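Visitor: Could you take me on a close look at a single part of this structure? I am a first-year student, so please explain the terms as we go.

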2 protein chains.
Amino acid sequence: MSEILIGECLFLRLKQLGIGTVFGVPGDLVEPLGLSWVGAPNELIGAYAADGYARLNGLGALVTRFDLGELSALCGIGGSNCESVPVLHIVGYPTTPAQKERKDPSSYLGGWKLCCATTVLDDPTTTAAEIDMSILVQNSLDACPPSAPESEAAVTTEIVSRLELAKSPILIVSGGAARANWAEHVDPLIQALKIPFLVTGLGKGIADEMSPYYQGCYAGEGSWLRSAIGLVQEADCILWLGNYPSDFNTGIFTEKLDHCTIIDLQRFFVNIGATKYDARINHVLPKLIPALSSHYPLAQRTKQNPQVDQQLSLPASNKIEQDWLWSRLTSYLRPGDLVITETGTAQVGITATRFPSGCHGWTQSVYGSIGYAAGAAAGAAIAAKETGKYKRLVLVTGEGSLQLTVQAFSMLTRYRIVPVVFALNNYGYTIERYFRGWDAKYNDIPMWDYAALFKAFAPDVEPRVKGYKVTTAEELDELLSDGELCDSVVPQCVDMIMDPKDVPEAMRTVFEGKNAM
Amino acid sequence: MSEILIGECLFLRLKQLGIGTVFGVPGDLVEPLGLSWVGAPNELIGAYAADGYARLNGLGALVTRFDLGELSALCGIGGSNCESVPVLHIVGYPTTPAQKERKDPSSYLGGWKLCCATTVLDDPTTTAAEIDMSILVQNSLDACPPSAPESEAAVTTEIVSRLELAKSPILIVSGGAARANWAEHVDPLIQALKIPFLVTGLGKGIADEMSPYYQGCYAGEGSWLRSAIGLVQEADCILWLGNYPSDFNTGIFTEKLDHCTIIDLQRFFVNIGATKYDARINHVLPKLIPALSSHYPLAQRTKQNPQVDQQLSLPASNKIEQDWLWSRLTSYLRPGDLVITETGTAQVGITATRFPSGCHGWTQSVYGSIGYAAGAAAGAAIAAKETGKYKRLVLVTGEGSLQLTVQAFSMLTRYRIVPVVFALNNYGYTIERYFRGWDAKYNDIPMWDYAALFKAFAPDVEPRVKGYKVTTAEELDELLSDGELCDSVVPQCVDMIMDPKDVPEAMRTVFEGKNAM
């Protein structure tokens, strides 16, 4: 019996039906064998383009990845449908075995609810209550009553007791700690504990990484520092704030943990061994910190701070290599910086950049919707300005991500935000190339002039925007020390030309060691 | 008892909870009273911005319109949700009475299915069948067997007979005729009929508008030509191809029709009076046309072609007025042009532009998702190039719509499409201003330099792009006759500065006469 792959079968059929070109955005997709591929800047535009194509051609096709791509394309697909324009929306799902295992929590519509509460405000008699209820669900930690005082006391006592018995305790700060006002407790906790601490990718940007207790970022086998892996494996007690075991946060599930050692502090409960305490962490931490300070003699357990910065010398190739870039950024950053980093290789890379005290930032690594950073940066800067804490916005993104949301530059200038934009320009979707197909044409993207775009989005406001195109590590090294880039009062765009096949070593370790995904 | 509006109550509560700024995209929304409004270029960016804001502020809010806005924002909202970032997504719905009436078919998620068929290809044993079934549902007209021959014969006879008896028959070409290969039958039908014909907004761009039988565009009370309304009201037999009674296609349901006069030709059936015939129109038309040509002596019923072009003299104000612009475009267009027009005032306006023979085009007026045209134009041009019929692409859009999808310029240059872009620049969302709030700040948008954007999106490919900013009717009039604009081999961007409060008279007639929506 002869066999045919699903993708082959599908695109062969499309070709027979007169389709010459397939539109879409790369991401877990099947190569449209025998057909032309036209990459669109975003799924919505892709869906619109497929519609336009279909109106003339009689049938059109759009390929997107599952979940994120599906949703962004929906408005285009819905429009095609209700005007009877025949567009076939092909959604690339993970392999069937992978779906059955459901190992990747970022992946499945239906696997996640899209929002935690919805309400329709159509009844004046219940409107006020409905609004409050919706907000309560979102903000329940602060708005709900505290857990039982005896439960909070019990958990505090148990944690102090376990830490006192431990020989090699550590703290890990993860994503949950960044939400709902935990963040303010993190540094005081570290100061009270005086034990080594790690962050995860999701927890980065909360704790003071200049603390002598900082030991780097932990992401299972995807940790940049092997010493971080060692610390976790040797720990006999892990105090874990807001653990969030998503794919990128765990080095694609390559953590090796002894669960008996973990004190798992979550938003609404604390797990210690087999016991689950009904204790709200936001109420526990203010009790735990003074208890630790007064009862917890741990000075003797403090370890020597290892070398947490990576390669600092210029790469021999003089290329802007991932394994050099991220550590180099450390000394560029300043207290007060707001550092918003895009998904992709940047999201892995930034975990190797040590943030100065008072530097805040994040990536969106669970959902991983590309184009996120440029839009989020604008909102974050506006919020920072409102609190009076705004100093400098650093946007670290990729040229592939800017495709989707480059118009966000216009929001920045419109609201008088003066960012420094670092664009990783590796001629396409490197992370996609890495996963499937180094030379797949659909991962190519057109080259844009980012500084010119910045100007064109605000011709009357920001004609002074500065653009730099840097192709060597030496040039970038000099630029990062340059006063004009550091202290500028006009937007700056640094277009960093990188090798399309260069990915952070931490990524290679995970994916090549595991052969996962 | 004191009363408070839902919107007031909501935004007051948000303010109490520490929200200073609400992000969003205008469209049927409630003004965020007492809060700052930050308009985002698209809903996705708006959702991302609200997320960034919420991460710092503790709570963020996004306002979008229902359906389209909701869907485009989903990826942002889903990302916020699965990382526990508290973002409140406020969706502006029509009033509760309007929802109950459901008068606007473009409006409700759940009111429309988003696609006509879905399948999950996870079973190799059914894959081929599933693919075929999905495509069949979309393309059923061509792929399914024809209707019963006796049914087709009966409907053909009945139509010829009714037309022979009629004293003032007319033909109306609507949206259904533009799908599934009907289009090729439309001009032969007109030539066989030799009776006056109208198009609708959805049906525009199919029939030859230079035909002596062409009588303009019909949209109920929203028809530009009062003579079109008269023709419909006086007709004793209306042969209606692909009638699609959506809001903008019917002048917001202001058609006044005697249903007994209508022969309703739809994709899978024909309604004549109370009788429904199981006849596929694509099989009926090839039988009907020769029957009409040989049996149907209608020459005596041919009417004088009225003046179907509108105001051709320059406006006294010398502004680029809507009521002049659209007729002026008629002589700019050429046979073979592909004219893709955006939603908003342009979508209403373009129905007053008479397309030359062989000029093809459309708007997306049912779903009305803004930003559609730029993306669709790229897909359409690529399809036209593949068929060898591509001559010139004319993109008629607004500066508000370009906000969402301006990156589509990059697709054009990347695929060597040389468009002429007409951007209606009226300093914001005029159609939104018209519906609610002339001076609402959220309808303002930043000014961009479109030609500079075009260059910046393709610095190596299209440095020669030509940009024009025209502020008077006289300037535009001259430019439209200019050889460089007409015959250019480089992209051209015409930024047309218009009065923010100028809308086509046809729109005013409908909305001010009806006080609807």
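Guide: Happily; here is a walk around one helix of chain A.

This is a predicted model, in which local features need pLDDT of at least 70, side-chain atom pairs count only at pLDDT 80 or more, and totals for chains, interfaces and linings use all residues. Residues are numbered from 1 along each chain as its sequence is written, while chains are lettered from A and ligands numbered from 1 in the order in which they are written.

Our part is helix H8 of chain A, residues 183–193. Helices (H or I, at least four residues) and strands (E, at least two) are DSSP runs, numbered from the N terminus. The buried residues of H8(A) are A:His185, A:Val186, A:Leu189, A:Ile190 and A:Leu193. A residue is buried if 20 or more other C-beta atoms lie within 10 Å of its own, exposed if 12 or fewer, and partly exposed in between, with C-beta atoms placed from the backbone. These buried residues span an arc of only 140° around the axis, so they sit on the same side of H8(A); the arc is that of the directions from the helix axis to the C-beta atoms. A general rule helps here: an α-helix has 3.6 residues a turn, so residues three or four places apart point the same way.

What do the buried residues of H8(A) pack against? Their partners in chain A are strand S5 (169–173), strand S6 (197–199), strand S8 (237–241) and helix H10 (281–295). Two residues are in contact if their C-beta atoms, placed from the backbone, lie within 7 Å. Finally, A:Lys194 follows H8(A) and has a positive phi, near 55°.
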